[in-house]
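Colleague: I should like a close look at one part of this model, namely the sheet and the helices that lie across it. Please set out how these elements are arranged and what is found in the loops around them.

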Amino acid sequence: MGEASAKAQQLSTAITNTSRMQVNRHRLYILKDSVANRGRGAAIGFLKVGTKKLFVLDGQGAHHEMEPLCVLDFYVHVSLQRHGYGKELFDYMIQYEGIQPSHLAIDRPSSKFLSFLRKHYRLAATIPQVNNFVVFDSFFRDRQLRGARLVHRSVTKKVEQDIKPYSITVRDGAPQEQELPWPFNQSPSLMRSNSLGCASRQQVGRPLAQQEGARYVRGVRTPALNGTREQDDSSVHRRRTSSLTRCQPSFQ
């Protein structure tokens, strides 16, 4: 019967079977013919209901978080339809559950099911929902919303701002570059102009002692990685000293 219901609703798999009934707290109403099939009985139809946690929209568009009773599957055998069995089964369910038909949420009802509800219970106008459930306009009428919670929230829209190129903006909190001491702050780097190592550009008027300090900084050897200072080669030191002496510029 579950497979026949899925086929009638054009579903890829059955939503009502024994394994699903064992893991879910759903209730299954079965209408049977006890004298059919030589006294062994035969199923006429079934109706499955259960509570689901849903977000239901009302007529004003507000969301309500609630757990209504839902009709999850409803099927009468195709050979026994239009004999009043569906109405008998549905009336028994709403009487046993103590609920009005308009307070039910219907899970993916077929066109036949909607026609059934419109014919027997005058349920036609629906409230559009964002899920697969169908509720009617009288769903919120004359009912106690115990356990229901209004969850409609207004979201403040963030004001959009023009995106500025990173190259012309300063990021908040970014550290500013510190000015390096002379001679490292000179835009044109000290370059060798000939094999003797003479500086190609000198700033006239800068004290000789500062220029000699710059040459000293360039001539100092860096310590080795193991923490010990390398031995200076005396011949290299003399060659550098003589080279610097020969190319020393004169100032007026």
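Modeller: What follows treats the sheet, then the helices, then three loop residues.

The model is a predicted one. Its open sheet has 6 strands in the order β1-β2-β5-β6-β8-β7, and the pairing is mixed. The edges are taken by β1 (27-33) and β7 (126-127); each has a single partner strand, so one side of each is left without a neighbour in the sheet. Strands of a sheet pair through backbone hydrogen bonds, either parallel or antiparallel. In the case of β2 (residues 42-51) and β5 (residues 69-76), the pairing is antiparallel and extends over 7 bridges. Within this part of the sheet, lysine 48 stands opposite aspartate 73 in β5.

Two helices lie across these strands. Helix α3 lies across β1, β2 and β5, and runs at about 140° to β1. Helix α4 lies across β5, β6 (105-107) and β8 (133-136), at about 105° to β5. Strand β5 thus appears in the list for α3 and in the list for α4.

The two helices also pack against each other. The axes of α3 (residues 85-97) and α4 (residues 111-121) are 12 Å apart and form an angle of about 75°. Since angles of 65 to 115 degrees count as roughly perpendicular, α3 and α4 are therefore described as roughly perpendicular to each other. On the α3 side the contact involves Gly86, Lys87, Phe90, Asp91 and Ile94, which meet Phe113, Phe116, Leu117, His120 and Tyr121 of α4. Sorted by class, this contact comprises 6 nonpolar, 2 polar and 2 charged residues.

Loops on either side of α4 hold two arginines with positive phi. Arginine 108, in the loop between β6 and α4, has a phi of about 45° although it is not a glycine. Its relative accessibility is 38%, so arginine 108 counts as partly exposed. Arginine 122 lies in the loop between α4 and β7, and its phi is near 55°. This arginine 122 counts as exposed because its relative accessibility is 80%.

A further loop, between β3 (54-57) and β4 (63-66), contains aspartate 58. With a relative accessible area of 13%, aspartate 58 is buried, the limit for that class being under 20%. Its side chain reaches the backbone nitrogen of glutamine 60 at 3.0 Å, and a polar atom of that side chain lies 2.8 Å from the backbone nitrogen of alanine 62. Leaving aside residues up to four places away in sequence, aspartate 58 touches His64, Ile127 and Phe140.

Key. Residues are numbered from 1 along each chain as its sequence is written. This is a predicted model: local features need pLDDT of at least 70, side-chain atom pairs count only at pLDDT 80 or more; totals for chains, interfaces and linings use all residues. Side-chain values use heavy atoms; hydrogens and water are left out. Helices (H or I, at least four residues) and strands (E, at least two) are DSSP runs, numbered from the N terminus. Buried means under 20% relative accessible area, exposed over 50%, partly exposed in between (1.4 Å probe, protein chains only). A polar contact is a pair of N or O atoms within 3.5 Å; within protein, one must be able to donate a hydrogen and the other to accept it, and residues adjacent in sequence count only if both atoms are side-chain atoms. Contact means heavy atoms within 4.5 Å. Axes are lines fitted to C-alpha atoms, for helices over the stretch in contact, and angles run from 0 to 180 degrees between N-to-C directions. Angles under 35 degrees count as roughly parallel, over 145 as roughly antiparallel, 65 to 115 as roughly perpendicular and the rest as oblique. Ala, Val, Leu, Ile, Met, Phe, Trp, Tyr, Cys and Pro count as nonpolar, Asp, Glu, Lys and Arg as charged, and the others, Gly among them, as polar. Two strands pair if DSSP finds at least two bridges between them.
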